[in-house]
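Me: Please take me through the terms used to describe this structure, and set each one against its definition.

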Amino acid sequence: MNYEIKLLNSIIDTGDYVEAVNGGVENVFIEYRDIWNFIVNHYDQHSKVPSKETVKGHFTDFDFFNTPEPLNYYVDQARKESLAFQTRQIVAKAHSIISDSGPKDALAYLMENTSKLYKYSSSLKDTDLVSEWRDRFLDLKERSENPNKHYIGIPSGIDVIDKTFGGWQAGDFIVLLGWTGVGKSFIARLFAVNAWRAGYRPMIISLEMNKKQEGQRLDTLLNNGEGYFTNTDLIKANPNIVDTYEKWGENMFKDKPPIYLITSEGLETADQNMVQAKIDQYQPDMVILDYHGLFDDSSGAKNETEKAKNLSKAFKRIAVKNNVPIIDVAAVTMSDGHGDRPPELEEVAWSKQLAYDADLVLAIHREFNSDQFQVVSRKVRRATHFGFYLRWNLETGEWREEWDVG
């Protein structure tokens, strides 16, 4: 492959191994990977790129020629051509899988391998914080002039979260913990609805409920106790509210952004590759995953602990790579007295990796059939700890933030 030869010649000519590595060339080489590996080993041992004579002594058939352009020119060209070549290989393989195993297997292969290829095509960002201080000044000045300067992300709709944590910011990984049945999914949907009301496009990947159930829950939240209907009215199809619902829906959803919903209906595999594929498809402003334990691990975990750990790291990386906040609903291990309090970090089910990766962990507690939700932070990466109560009628959707519960 000609682009590999050109790039190798430029690296040898310039001797700039560091720039080549920073440019992400390690995933470019296919046909001449043995020569690249030789250069890597030589640099590791001698802190310099081998000379043409040294390379020629080990690879007598390799062709040398002048490379008049800067190294970064050959890096960019090689990355583009390598990406195009590998993409064509993946598409060709998927085409053969269609004939052999069917379209679903072909799609699964495409999702897994294009996601890996996309990861390889991205490189880590380096920056000099000293030389870029003025960029931070300009950002600070712009935010200081914003009337909503207490948060710079997507508003949660909860005053203490937005003022203390700054809302849901790009790359945030937020984990919601709670015992079974306390309302973790309700809280996650409330965050989605509040973001949508502020003009953002949330995406919910729900592996617990179907489209109809999710729609009824979101409609009830959007109704917010205004009296048009109740959750039971929607579930039991009360004929008395049908016309009211139609008028309400026309007014509520006219000229509004979408709320993307992906459910497990028809999905054979729901893993980190699928999450990335849906982000690529819809370009949402925030993502909710419900819930962690129901996702599959495309990296082939051997047990539940390894799966939970792999998924946690993958979801955090997806959040950072796509500059989108991800809210992950997670279960906790049941223990004695668990019904009396919000869970602690060490009670995360299967793996504590979630707590390590998260920027914010919120623990949720509610007494059986109570309309009072207690939410406390268990980890806060960029602020102080906080807590709040919600008074919430799940039947009508009406909620309010409370402080003085006494």
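**The sheet and its helices**

Reply: Nine strands are easiest to follow in their order: an open sheet of 9 strands runs S3-S2-S4-S5-S1-S6-S7-S8-S9, with mixed pairing. S3 and strand S9 (399–402) stand at the edges with a single partner strand each, so one side of each has no neighbour in the sheet. Direction ignored, neighbouring strands are turned by 20° against each other on average. The model is predicted: local features need pLDDT of at least 70, side-chain atom pairs count only at pLDDT 80 or more, and totals for chains, interfaces and linings use all residues. Residues are numbered from 1 along each chain as its sequence is written, and side-chain values use heavy atoms, with hydrogens and water left out.

Me: How do you know that S2 and strand S4 (residues 286–290) pair, and in which sense?

Reply: Two strands pair if DSSP finds at least two bridges between them. Strands (E, at least two residues) and helices (H or I, at least four) are DSSP runs, numbered from the N terminus. S2 and S4 have 5 bridges, in the parallel sense; one of the bridge partners is Asp 290 in S4, for Ser 206. S2 is also joined to strand S3 (residues 260–263), in the parallel sense, over 4 bridges, and there Ile 205 stands opposite Ile 262.

Me: Which strands pair with S1, and over how many bridges?

Reply: S1 pairs with strand S5 (residues 326–331) over 6 bridges in the parallel sense, with Ile 174 opposite Ile 327. S1 also pairs with S6 in the parallel sense, over 5 bridges, and Ile 174 stands opposite Leu 360 there.

Me: What makes the pairing of the sheet mixed?

Reply: The sheet has mixed pairing. S1 and S5 run in the parallel sense, whereas S7 and strand S8 (residues 387–392) run antiparallel and are joined by 5 bridges. In that pair, Val 376 stands opposite Gly 387 of S8.

Me: Why is strand S2 (residues 202–206) called largely enclosed?

Reply: Buried means under 20% relative accessible area, exposed means over 50%, and partly exposed lies in between (1.4 Å probe, protein chains only). In S2, 5 of the 5 residues are buried, so the strand is largely enclosed by the rest of the structure. Pro 202, Ile 204 and Ser 206 point one way and Met 203 and Ile 205 the other way, and all are buried.

Me: How do you know that both faces of S1 are covered?

Reply: In strand S1 (residues 173–178), 6 of the 6 residues are buried. Phe 173, Val 175 and Leu 177 lie on one side, and Ile 174, Leu 176 and Gly 178 on the other.

Me: Why are H9 and H10 called oblique to each other?

Reply: Axes are lines fitted to C-alpha atoms, for helices over the stretch in contact, and angles run from 0 to 180 degrees between N-to-C directions. Angles under 35 degrees count as roughly parallel, over 145 as roughly antiparallel, 65 to 115 as roughly perpendicular and the rest as oblique. The axes of helix H9 (residues 184–197) and helix H10 (residues 211–223) come within 10 Å and cross at roughly 60°; H9 and H10 are therefore oblique.

Me: What makes H10 roughly perpendicular to H12?

Reply: The axes of H10 and H12 cross at roughly 75° and come within 12 Å. That angle makes H10 roughly perpendicular to H12. With contact meaning heavy atoms within 4.5 Å, Asp 219, Leu 222 and Asn 223 of H10 meet Tyr 245, Trp 248, Met 252 and Phe 253 of H12.

Me: Why does Ala 237 count as exposed?

Reply: Ala 237 has 56% relative accessibility, and therefore counts as exposed. This residue is in the loop between helix H11 (231–235) and helix H12 (242–253), and has a positive phi of about 55° although it is not a glycine.

Me: Why is Asn 369 placed in the exposed class?

Reply: The relative accessibility of Asn 369 is 65%, so this residue counts as exposed. Asn 369 is found in the loop between strand S6 (360–365) and strand S7 (372–380), and its phi is near 60°, a positive value in a residue other than glycine.
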